[in-house]
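Here are a few short exercises to work through with the model open beside you. Try each task before you read its solution.

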Amino acid sequence: MNAYALIAAGALAVGAFAGTFFYGVHVGKQGAEAQEARDERIAGIAYDAGQKGAAAEIAKIKSKNVTIRQELEREIQTNTVYSDCRVPAGGVQLANEALTGRAERAGGGELSRAIANEGRP
């Protein structure tokens, strides 16, 4: 067989394979587009049905204004949880100083000295 005939047959086979491949890709794209259009159409139908159903149910709602007149019931609770609490004289003095604004700051307003990081992270 002639070498040119073999080359031509090989080129024809590669061309047929490539054509088939690209045709399949084209058909696949069309199928995906058709599926997407179908999904959008179904979603639109479901949305419209939901809107119609909601509108029908909302239309059925009847509002009614009612005035209720009845005596108010009151209940008072006395809770004396802290009646047994005892604060020492020093605690009362500190609380009074804090309330008047004359309380002395902890540490006399001085910051503590920084401690060096001794090999610790």
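**Exercise 1: An aromatic pair and its surroundings**

Phe22 is exposed, because its relative accessible area of 56% is over the 50% cut-off. Keep in mind that this is a predicted model.

Task: Find which residue forms an aromatic pair with Phe22, and classify the geometry.

Solution:
- Start with the search result: the structure holds one aromatic pair.
- The partners are Phe21 and Phe22, with ring centres 5.3 Å apart and 70° between the planes.
- Planes over 60 degrees apart count as edge-to-face, so this pair is edge-to-face.
- Now place Phe21: this residue lies in helix α1.
- Phe21 has a relative accessibility of 47%, and because that value falls between 20% and 50%, Phe21 counts as partly exposed.

**Exercise 2: A nonpolar patch**

Task: Name the residues that form a nonpolar patch on the surface with Phe21, and give the accessible area of the patch.

Solution:
- Phe22 and Val25 join Phe21 in this patch.
- Together, the three residues have about 310 Å² of accessible area.
- A patch residue needs over 30% relative accessible area; Phe21, at 47%, passes that test, and Phe22 does too, at 56%.

**Exercise 3: The salt bridge**

Task: How many salt bridges does a search of the whole structure find, and which residues form a salt bridge?

Solution:
- The search of the whole structure gives one salt bridge.
- Lys60 and Glu57 are the partners, and their closest N and O atoms are 3.1 Å apart.
- The limit is 4 Å, so the contact between Lys60 and Glu57 qualifies at 3.1 Å.
- Next, check the accessibility of each partner: Lys60 is exposed at 57%, whereas Glu57 is partly exposed at 46%.

**Exercise 4: A negative patch**

Task: Which residues form a negative surface patch, and is Glu40 buried or exposed?

Solution:
- The patch consists of Glu33, Glu36, Asp39 and Glu40.
- Glu40 sits in helix α1, which covers residues 3-59.
- With a relative accessible area of 52%, Glu40 is exposed.

**Exercise 5: The whole protein**

Task: What is the helix and strand content, and what percentage of the residues is buried?

Solution:
- The protein has two helices and zero strands.
- Of its 121 residues, 0% are buried.
- About 12,200 Å² of the protein is exposed, and carbon and sulfur atoms supply 58% of that area.

Terms used: Residues numbered from 1 in each chain as written. Predicted model: local features only at pLDDT ≥ 70, side-chain atom pairs only at ≥ 80, totals over all residues. Heavy atoms only, no water. Salt bridge = Lys/Arg side-chain N within 4 Å of Asp/Glu carboxyl O. Buried < 20%, exposed > 50% of the residue type's maximum accessible area, 1.4 Å probe, protein only. Patch = residues over 30% accessible without salt bridge, like charges linked within 9 Å, V, L, I, M, F, W, Y side chains within 5 Å. Areas by Shrake-Rupley, 256 points an atom, 1.4 Å probe, with all protein chains shown as cover. Lys, Arg positive; Asp, Glu negative; His and termini not counted. Charge placed at Lys NZ, Arg CZ, Asp CG, Glu CD. Helix = DSSP H or I, 4+ residues; strand = E, 2+ residues; numbered from the N terminus. Phe/Tyr/Trp six-rings, centres within 6.5 Å; stacked < 30°, edge-to-face > 60°.
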